[in-house]
Amino acid sequence: MLYNIRKVTDDLYYVGGNDHRTHLFENIHPIPEGVSYNSYLLKDEKNVLIDTVDWSIVKDFLERIKVVLNGEPLDYLLIHHLELDHAGAIEEVILRYPDVKVICSEQGFEFMSQTGYEIKEENKIIVKEGDTFSFGKHTFAFVEAPMVHWPEVIMSLDVTNGCLFSADAFGTFGALDGKLFNDEVNFDRDYLDHMRRYLTNIVGKYGAFVQDVLKKAAPLLPQVKFICPLHGPVWRNDFGYIIGKYDTWSKYEPEEYGVLIVYGSMYGNTERAAQELASDLCEKGMTNVVVRDVSSTHVSYLISDAFKYSHIVLASVTYNLGIYPPMKDFLNDMEALNLQNRTIGILENGTWACTVGDKMEDFLDENMKLMDVLNERVTINTSLNSANRSDMDGLTDALIESIKNLKELKAKKADK
């Protein structure tokens, strides 16, 4: 079929599209590989459009709807989530199909009104947890998913064909570019980092809500044959893999044992110390090490890495007797996104009044949960020299010992 329309399963068509022109998702997060906006059209006794798209691709989107309908009416518009990258075309759809009935949560309709979308009262259908709705052969069951990641979010399961429409859950940055299904892509290579960055930066704060939805959805999983998110690939197998990732991230458990070194350096001295630490770790056998410049790495990538690795080293220069501003921004974002359960090492630098180490440790103690700051600390006066050797060895050994202890603890728990 022309127009980049793909069939998901019997009666269900993908009518979304890709965006390679937008540089910042939500005008915050870089998306160098683009993003997809997913929408689906169910052909049944009554035809149902499932979510819309961002305004940036609305022309092609409307054309796809017209082609799939092939002269038939559009009877229903089902909206799971009112963020405008999915709800941006509601008004355009209603203008072309004025008799369409809109299905949404009660709060979703409030958000539509706030956005300026005027829906006739007789065309509104409010659904809530436990409701079902039949379109002919296909019956949908609705589940509320508040704060994943807006309060009005609902999910639905087509109990006829097993399609779970999961809203933003299980979504990812990265355009699809012709592919549709998870088994048509090399997910670990091309999408896993995008998905982690998407989840941790956008939904990371609401881990407890994600856990609630995972528990609520667990009884439905035997019926699920497709997971249809609003961004990224449609999943038609390997559900345990993706659910496992969401479970890990939303419980704030590290995905990997390793060390993320984030450094803030004005003239290169702290950077050299961070690189020396990385070299020492690798020489002693801990090679799962990532080094990031806090000034030149977008914070969304830093947050993704912080959720990924078990250990984080904060290496910062002192600035105005405090924390180097880009490092302070990173700390603020970690706090805002509720990151917890990490082991932290500190490397501090200052030419005359080195205060940054204490200030970073105070921030972690006062503002964040379950952050274990190692006693071993490296303090540099301007630049690394031979006097710092024993402290560098001490921090390196403490990081490696801590990782070893965490692995042993996890193994003991697994044995029980």
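Helices (H or I, at least four residues) and strands (E, at least two) are taken here as DSSP runs, numbered from the N terminus. The model is a predicted one, in which local features need pLDDT of at least 70 and side-chain atom pairs count only at pLDDT 80 or more, while totals for chains, interfaces and linings use all residues. Residues are numbered from 1 along each chain as its sequence is written, and side-chain values use heavy atoms, with hydrogens and water left out.

A good place to begin is serine 402, which lies in helix α13, spanning residues 389-415. Serine 402 counts as buried because its relative accessibility is 13%, where buried means under 20% relative accessible area, exposed over 50%, and partly exposed in between (1.4 Å probe, protein chains only). Leaving aside residues up to four places away in sequence, serine 402 touches His311 and Thr343; contact here means heavy atoms within 4.5 Å. With histidine 311, serine 402 also shares a side-chain polar contact of 2.7 Å. A polar contact is a pair of N or O atoms within 3.5 Å; within protein, one must be able to donate a hydrogen and the other to accept it, and residues adjacent in sequence count only if both atoms are side-chain atoms.

Helix α13 appears again at the largest pocket, where it gives the largest share of the lining, four residues. On a 1 Å grid over the protein atoms alone, a pocket is an open set of points with protein on both sides within 12 Å along at least five of seven lines, a cavity is a set where a 1.4 Å probe fits but cannot get out, and lining residues have an atom within 4 Å of a point. Grid points are joined across faces, edges and corners, and a volume is the space filled by probe spheres set on the points. The largest pocket holds about 450 Å³ of space. Its lining has 16 residues, with Glu253, Pro254, Tyr257, Asn341 and Lys410 the closest to its centre.

The second largest pocket has a volume of about 300 Å³. Among its 16 lining residues, Met266, Val317, Thr318, Thr351 and Trp352 lie nearest the centre, and strand β19 (309-319) gives the most, with three residues.

Turning to enclosed space, two cavities of 30 Å³ or more are counted. The largest cavity has a volume of about 50 Å³, and its lining includes Val143, Met155 and Leu220. The second largest cavity holds about 30 Å³, with Tyr40, His80 and Cys228 among its lining residues.
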